[in-house]
Amino acid sequence: DIHIEVKINIYTHIDFGRGVYRWELQDSSNQTVLHEDIVIRPLQDTRYQYEHNFCASSSGCYKFVSYGELEVVQISYEISMNGSLVLEGNSYTPQYFGYNSVEKTLTQDRCDDITVCGKDAPEGSNQRQVFDRLSILSGSVILDDANEIQNQAMCWIIEQHHQGYGTVDPGLEHRYILTLIHYLWKTQFGNDPPLTAECEWDWIECTDHDQVKSIDLSGGGVSATLPNELGRLQTLQYLNISGNFLKSTIPIEVANLWMLEEFDLNNNSLTGNIPAQFMHLSQLTKLNLSSNLLRGTVPLSLTSLTNLKVLDISHNTLNGDLPSNIMHMPSLEELHLGSNFFEGRIVVNTSRTSKLKRLHLENNILSGSMPYGINMLENLEELMLHNNKINGNIPASLGELTRMKKLTLSYNPLQGTIPQE
């Protein structure tokens with residue numbers, strides 16, 4: 001929701017031997033949200049500076065405490081919110097700052113009550129703790145708006161679990177995100193989520209330790225926008241949202257799903273670019289973004305996905321040259337780039353091997369002659385190049401692709417005879 005920056009300045013004297021300085025930032029229930037132990041071993045007059053950033057709730061209440069036996073050490077600290085100073089000090093006296101209902105921000109020595117789901121939520125109440133935690137995910141403005149689905153999801157959780165979810169409960173964020181998804185898909189699932197554990201919901205599969213492993217929202221024909229909060233389900237391995245009417249862009253927060261192995265968004269109405277941040281999905285084996293309205297070039301960073309076996313971005317409005325070495329990604333077996341606006345030459349790196357079995361480049365504006373070294377793609381079973389601007393002769397080296405089962409070259413300005421090979 002907001003970014004808090006903590007700066008610690010320490011100046012030691014030459015006659016000081018060794019010591020430890022500890023500081024903590026605690027929330028309204030005295031839970032530590034950020035801390036550091038600083039070991040000081042000065043050999044001379046030395047100045048230290050430490051900086052930390054973390055995401056906090058703009059409606060939260062916090063306490064800064066510090067302690068240590070450092071009498072001959074000068075200590076000062078500053079706490080800023082989004083670049084604006086909130087408090088500063090130079091002693092071990094605890095400092096408080098929190099929500100100011102007048103200024104709608106965090107200020108020193110304040111912790112005003114708020115209203116959550118139509119009810120007062122004073123400091124320390126369950127509703128306040130839930131709101132403060134979830135506002136870090138969704139933002140307090142959206143969460144406080146009764147017209148937003150995020151507000152509906154939060155209020156349902158508070159209503160159905162009025163004795164649950166305290167500050168330290170690790171399941172709150174996941175429950176909230178899954179409830180949020182349910183409301184986005186309520187035309188398919190019904191108005192309110194089941195009162196059972198989320199691992200028992202039909203579209204969710206969990207591990208033996210009740211961690212969300214798989215989400216299948218395919219074929220619902222639902223018109224919705226992918227929520228940014230989805231990126232917090234970091235145990236997710238399989239995500240299928242194909243066959244809907246998803247709008248807007250792909251949120252870059254999805255790149256935080258570092259355990260994701262299969263990601264299917266085909267047959268939607270997604271716009272914008274393919275996020276370059278997908279390079280962080282290092283476990284990905286299948287990525288299907290076909291049949292959308294994606295535009296721009298293919299990010300070169302995609303070629304760093306060493307475990308990717310299937311990449312399908314066909315039937316979009318992508319353009320530009322094909323990324324170098326995209327056909328030589330170490331695990332790639334299927335590459336579907338057809339029905340876009342790719343141009344330029346097809347380049348095969350003859351110094352690298354390839355596991356490609358299916359290469360679909362049809363219905364683009366690729367030009368130049370048939371790629372030199374095409375025979376190096378020795379595992380090819382399907383090569384679809386029809387309806388491009390490829391010219392010149394058909395190389396005899398195509399005959400070396402002994403595993404080929406399907407080859408289409410029609411609707412290209414090729415010339416010469418068909419090689420006997």
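User: What makes the side chain of N412 and the backbone oxygen of S410 a polar contact?

Analyst: In this predicted model, the side chain of N412 reaches the backbone oxygen of S410 at 3.3 Å. A polar contact needs N or O atoms within 3.5 Å, one able to donate a hydrogen and the other to accept it. The value of 3.3 Å is within that limit, so the pair counts.

User: Which backbone nitrogen does the side chain of N412 reach?

Analyst: The side chain of N412 reaches the backbone nitrogen of K389, at 3.3 Å. K389 is also listed among the contacts of N412 beyond four places in sequence, together with L385, H386, N387, N388 and I390. N412 itself lies in the loop between strand 28 and strand 29 (414-415).

User: Does N412 count as buried or exposed, and how do you know that?

Analyst: The relative accessibility of N412 is 14%. Buried means under 20%, so N412 counts as buried.

User: How do you know that strand 26 and strand 28 are paired?

Analyst: Three bridges join strand 26 (residues 382-384) to strand 28. Pairing takes at least two bridges, so these strands pair. They run parallel, and M384 stands opposite T408 in strand 28.

User: What is the order of the strands in the open sheet?

Analyst: The open sheet has 10 strands in the order 12-13-15-17-18-20-22-24-26-28, and its pairing is mixed.

User: What makes strand 12 and strand 28 edge strands?

Analyst: Strand 12 (204-206) and strand 28 (406-408) each pair on one side only. Between neighbouring strands of this sheet the average turn is 10°, direction ignored.

User: Why is the pair of F189 and W203 called stacked?

Analyst: It is one of the seven aromatic pairs that the structure holds. The ring centres of F189 and W203 are 5.3 Å apart, and their planes stand at 10°. Rings pair with centres within 6.5 Å, and planes under 30 degrees apart count as stacked. Both values meet these limits, so F189 and W203 are a stacked pair.

User: Why is this pair said to tie together parts of the chain?

Analyst: F189 belongs to helix 5 (residues 186-189), while W203 sits in the loop between helix 5 and strand 12, so the pair ties together parts that are 14 residues apart in sequence.

User: Which of F189 and W203 is buried, and which is partly exposed?

Analyst: W203 has a relative accessible area of 6%, under the 20% cut-off, so W203 is buried. F189 has 26%, which falls between 20% and 50%, so F189 is partly exposed.

User: What makes the aromatic pair of F263 and F278 edge-to-face?

Analyst: The planes of F263 and F278 are 65° apart, with 6.1 Å from centre to centre. An angle over 60 degrees counts as edge-to-face, and the centres must lie within 6.5 Å. Both conditions are met, so the pair of F263 and F278 is edge-to-face. F263 is in strand 17 (residues 262-264) and F278 in the loop between strand 17 and strand 18 (286-288), a separation of 15 residues. Both rings belong to buried residues. Elsewhere, W23, F64 and Y77 are linked by ring pairs into a cluster.

User: Why is helix 1 said to be largely enclosed?

Analyst: Of the 13 residues of helix 1, 11 are buried, so the rest of the structure largely encloses this helix. Among the buried ones are V130, F131, L134 and L137. Helix 1 covers residues 126-138 and reaches 18 Å from its first C-alpha to its last, close to the 18 Å expected. Just after helix 1, G139 has a positive phi of about 90°.

User: What covers the buried residues of helix 3?

Analyst: The cover includes strand 10 (114-116), helix 1, helix 2 (140-143) and helix 4 (172-184). The residues covered include A153, M154, W156 and I157.

User: Why does S248 count as partly exposed?

Analyst: S248 has 30% relative accessibility. That value is between 20% and 50%, so S248 counts as partly exposed. S248 lies in the loop between strand 16 (245-247) and strand 17. Its phi is near 70°, a positive value in a residue other than glycine.

User: Where does N325 lie, and what is its phi?

Analyst: N325 is in the loop between strand 21 (317-320) and strand 22 (334-336), and its phi is near 70°. At 30% relative accessibility, N325 counts as partly exposed.

Methods: Residues are numbered from 1 along each chain as its sequence is written. This is a predicted model: local features need pLDDT of at least 70, side-chain atom pairs count only at pLDDT 80 or more; totals for chains, interfaces and linings use all residues. Side-chain values use heavy atoms; hydrogens and water are left out. Helices (H or I, at least four residues) and strands (E, at least two) are DSSP runs, numbered from the N terminus. The expected span of a helix is 1.5 Å times one less than its number of residues. Buried means under 20% relative accessible area, exposed over 50%, partly exposed in between (1.4 Å probe, protein chains only). Axes are lines fitted to C-alpha atoms, for helices over the stretch in contact, and angles run from 0 to 180 degrees between N-to-C directions. Contact means heavy atoms within 4.5 Å. Rings of Phe, Tyr and Trp (its six-membered ring) pair if their centres lie within 6.5 Å; planes under 30 degrees apart count as stacked, over 60 as edge-to-face and the rest as tilted.
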